[in-house]
Amino acid sequence: VGKYFDPGYGHLDILEAQIDGDTMLVANRSNMLAPYELRLSHTTANYWLCYIYVNDQHDVEGAWGMEFKVGVDGMSTGVELQLSPPGEENGEGSVLLKRVD
């Protein structure tokens, strides 16, 4: 849970939310030209899958890999999003958002 920022990607606020009776980590990007929501699913260690939900369709549109970067104090210092679906060879690369709060 926290606020992250990258000059090109903008702000990403990750918070806990109740969805279908489950507590999940969610980042709502409702301020984007095409609004969407990321729902995070833990895989292993610091790695997560971000399922992309387009706000007006309520269906999964895709998934990105995500890694929480952790400092020596055990606290998150940033998140790195892999902006391509898992397994895609020619991807869009990644973006590292630094924690700002």
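Reader: Leaving aside neighbours within four places in sequence, which residues is Glu 37 in contact with?

Author: Contact means heavy atoms within 4.5 Å. Glu 37 is in contact with Ile 19, Val 26, Ala 27, Asn 28 and Arg 29. Tyr 51, Ile 52, Tyr 53 and Asn 55 are on its list too. Before we go on, note that this is a predicted model: local features need pLDDT of at least 70, side-chain atom pairs count only at pLDDT 80 or more, and totals for chains, interfaces and linings use all residues. Residues are numbered from 1 along each chain as its sequence is written, and side-chain values use heavy atoms, with hydrogens and water left out.

Reader: In which strand is the place of Glu 37?

Author: Strands (E, at least two residues) and helices (H or I, at least four) are DSSP runs, numbered from the N terminus. Glu 37 sits in strand β4, which covers residues 36–44.

Reader: Does Glu 37 count as buried or exposed, and why?

Author: Read the relative accessible area: under 20% is buried, over 50% is exposed, and in between is partly exposed (1.4 Å probe, protein chains only). Glu 37 counts as buried because its relative accessibility is 13%.

Reader: With which side chain does the side chain of Glu 37 make a polar contact?

Author: A polar contact is a pair of N or O atoms within 3.5 Å; within protein, one must be able to donate a hydrogen and the other to accept it, and residues adjacent in sequence count only if both atoms are side-chain atoms. Here the partner is the side chain of Arg 39, at 2.7 Å.

Reader: Ile 19 was on the contact list of Glu 37. Is Ile 19 buried or exposed?

Author: Ile 19 is buried, because its relative accessible area is 14%. This residue lies in strand β2. Beyond four places in sequence, Ile 19 is in contact with Met 24, Val 26, Glu 37 and Arg 39. Now take a residue that is not on that list. From Ile 19 to Leu 96, the C-alpha distance is 27 Å, with the two positions 77 residues apart in sequence.

Reader: Next, the whole chain. How many helices and strands does the chain have?

Author: There are 0 helices and 8 strands. The chain is as compact as a globular protein of 101 residues, because its radius of gyration, 13 Å, is close to the 13 Å of the globule rule. That radius is taken over C-alpha atoms, and the rule is 2.2 Å times the number of residues to the power 0.38. The C-alpha atoms fill a box of roughly 40 × 35 × 30 Å along the principal axes. Buried residues make up 35% of the chain.

Reader: How do strands of a sheet pair?

Author: They pair through backbone hydrogen bonds, either parallel or antiparallel. Two strands count as paired if DSSP finds at least two bridges between them. In this model, a closed barrel of 8 strands runs β1-β2-β3-β4-β5-β6-β7-β8, with antiparallel pairing. On average, neighbouring strands of this sheet are turned by 35° against each other, direction ignored.

Reader: How many bridges join β1 and β2?

Author: Their antiparallel pairing has 5 bridges. In it, Asp 6 stands opposite Gly 10 in β2. The two strands form a hairpin, with 3 residues between them.

Reader: How many residues lie between β2 and β3 in their hairpin?

Author: That hairpin has 2 residues between its strands, and Asp 20 in the turn has a positive phi of about 50°. Strand β2 (residues 10–19) and strand β3 (residues 22–29) run antiparallel, joined by 6 bridges. Look for the facing residues. Ile 14 has Ala 27 as its bridge partner, Leu 15 stands opposite Val 26, and Ala 17 faces Met 24.

Reader: Through how many residues does a hairpin join β3 to β4?

Author: Through 6 residues. The antiparallel pairing of β3 and β4 has 5 bridges. Arg 29 stands opposite Tyr 36 in β4.

Reader: Which residues have the most contacts inside the largest nonpolar core?

Author: A nonpolar core is a set of buried Ala, Val, Leu, Ile, Met, Phe, Trp, Tyr and Cys residues joined through side-chain atoms within 4.5 Å. The largest one has 19 residues, and those with the most contacts inside it are Leu 12, Ile 14, Leu 38, Leu 40, Met 66 and Leu 81. At least two residues of this core come from each of β2, β3, β4, β5, β6, β7 and β8. Try Leu 40: beyond four places in sequence, its contacts include Ile 14, Trp 48, Met 66 and Phe 68.

Key:
Axes fitted to C-alpha atoms, helices over the stretch in contact; angles between N-to-C directions.
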